[in-house]
Amino acid sequence: MKRLRNISGGMPLRLQDFDLIQDNLNDAIDCIIQSLVPGESALILKGLTVADGSTIVANAGWLYRSGEIYFVPQANFAFNASKILYLIPNTTTEESRTFKDGSIHEVHEIRNYAWGYDENPPIYAIRYDELYTLDKILKANILSLFGQTAILAPFITLPYASGFSPATSLTGLALLSNSFNVMMLHGAFTAQNGYGKLALLPIGQRPSADVVGYFFNGTSAPGVLKIKTNGEIHVTGAHTSQINYISFFFYKDFGNSVNYNLPIGAPALPD
């Protein structure tokens, strides 16, 4: 950030020195806002709520507009369905002082925005119904980000082990994942045996504890799916004369308070 160096010895002050301080503050504000909501030129930082009724109460608050923050005082208007609520710049000056050359000037510039209510807002006005709060924009952006990162995207295709073959054009068992620790096995296969090791998860994509689930084998008794911490994916109850389908979700990392080891043999399934 730019700073004015306060050096002893009678340093002369110039008008540009004050410009540096003011511009530096505006740059800092703009940098913070744009880092949170890039591309937004106008938004509500605080307040500026409106209460409808026979009298419209437009409450005070703070508005961000193109790199600066402006205070907006409260205003009341008689309701008129044909009118539009908006905000417009409102600049005043104060603090009159006599200069060395004898001239008199007001040296404080108060740069605010003010409420307006009319059928045809000025072209430089900001319509209130087009403004969003910083909070609402941030929440929308976060939800959008969550929505994108929650999508299960294909990560890798696992080749089927001996005794199992793909039943569709996909050559293996698809492993999908997202940014929230959720993984999915998705595939269709034929089986020469009713049980056995179906595939192997790569290192780094294996569950923190053994996982058990089910898959569809074309009968009323589902097949059993077992995923070991060593990455081995075993099935029991696979159908040997029709297609088996897997759509199985699991968490890669979770607290294991049970501390069991799943058997990987061939227990009989109930009828």
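Me: Exposed means over 50% relative accessible area. With that in mind, why is Asp 129 called exposed?

Reply: Happy to start there, with the note that this is a predicted model. Asp 129 has a relative accessible area of 52%. The cut-off for exposed is over 50%, so Asp 129, at 52%, counts as exposed.

Me: What makes Asp 129 and Arg 127 a salt bridge?

Reply: The closest N and O atoms of Asp 129 and Arg 127 are 2.7 Å apart. A salt bridge needs a side-chain nitrogen of Lys or Arg within 4 Å of a carboxyl oxygen of Asp or Glu. Because 2.7 Å is within 4 Å, the pair qualifies. As background, side chains of opposite charge can pair when their charged atoms come close.

Me: And why is Arg 127 called partly exposed?

Reply: Arg 127 has 31% relative accessibility. Buried means under 20% and exposed over 50%, with partly exposed in between, so 31% puts Arg 127 in the middle class.

Me: How do you know that Arg 127 also forms a salt bridge with Glu 130?

Reply: The closest N and O atoms of Arg 127 and Glu 130 are 3.9 Å apart. That value is within the 4 Å limit, so this pair counts too. Glu 130 is exposed, because its 55% relative accessibility is over 50%. Elsewhere, salt bridges that share partners join Glu 68, Glu 109 and Arg 111 into one network. The structure holds seven salt bridges.

Me: What makes Glu 95 and Arg 97 another such pair?

Reply: The side chains of Glu 95 and Arg 97 meet at 3.5 Å, N to O, and this is within 4 Å, so the definition of a salt bridge is met. Both ends are partly exposed: Glu 95 has 37% relative accessibility and Arg 97 has 41%.

Me: What is notable about the phi of Glu 95?

Reply: Phi of Glu 95 is near 65 degrees, which is a positive value in a residue other than glycine. Glu 95 lies in strand 7, residues 84-98. Asn 181 is another residue with a positive phi, near 75 degrees. Asn 181 sits in the loop between strand 12 (172-177) and strand 13 (182-191). At 26% relative accessibility, Asn 181 is neither under 20% nor over 50%, so it is partly exposed.

Me: Why is Lys 226 called buried?

Reply: Lys 226 has a relative accessible area of 6%. Buried means under 20%, so Lys 226 is buried. Lys 226 is found in strand 16, residues 223-227. The C-alpha atoms of Lys 226 and Val 211 are 5.9 Å apart in space, and these residues are 15 apart in sequence.

Me: What makes Ile 123 exposed?

Reply: Ile 123 has 86% relative accessibility, and this is over 50%, so Ile 123 is exposed. Ile 123 lies in the loop between strand 8 and strand 9 (126-127). The C-alpha atoms of Ile 123 and Cys 31 are separated by 27 Å, with their positions 92 residues apart along the chain.

Me: Why is the group of Ile 7, Met 11, Leu 13, Leu 15, Phe 18 and Ile 21 called a nonpolar patch?

Reply: Members of a patch need over 30% relative accessible area, and nonpolar side chains are joined within 5 Å. Take Ile 7: at 44% it is over 30%, so Ile 7 clears the area cut-off, although it is only partly exposed. Ile 7 is found in the segment before helix 1 (15-36). Together the six named residues have about 610 Å² of accessible area.

Me: How do you know which residues line the largest pocket?

Reply: Lining residues have an atom within 4 Å of a point of the pocket. The residues that qualify include Gln 22, Asn 26, Ile 29, Glu 68, Val 107 and Arg 111. Helix 1, strand 5 (68-72) and strand 8 (104-118) each supply at least two residues of the lining. By class, the lining has five nonpolar, three polar and four charged residues. Glu 68 and Arg 111 are among the charged ones, because Glu and Arg count as charged. About 390 Å³ of space lies in this pocket.

Methods: Residues are numbered from 1 along each chain as its sequence is written. This is a predicted model: local features need pLDDT of at least 70, side-chain atom pairs count only at pLDDT 80 or more; totals for chains, interfaces and linings use all residues. Side-chain values use heavy atoms; hydrogens and water are left out. Patches are made of residues with over 30% relative accessible area and no salt bridge: like charges are joined within 9 Å, nonpolar side chains (Val, Leu, Ile, Met, Phe, Trp, Tyr) within 5 Å. Accessible areas come from the Shrake-Rupley method with a 1.4 Å probe; for residues, only the protein chains shown count as cover. Helices (H or I, at least four residues) and strands (E, at least two) are DSSP runs, numbered from the N terminus. Buried means under 20% relative accessible area, exposed over 50%, partly exposed in between (1.4 Å probe, protein chains only). On a 1 Å grid over the protein atoms alone, a cavity is a set of points where a 1.4 Å probe fits but cannot get out, and a pocket is an open set with protein on both sides within 12 Å along at least five of seven lines; lining residues have an atom within 4 Å of a point. Grid points are joined across faces, edges and corners, and a volume is the space filled by probe spheres set on the points.
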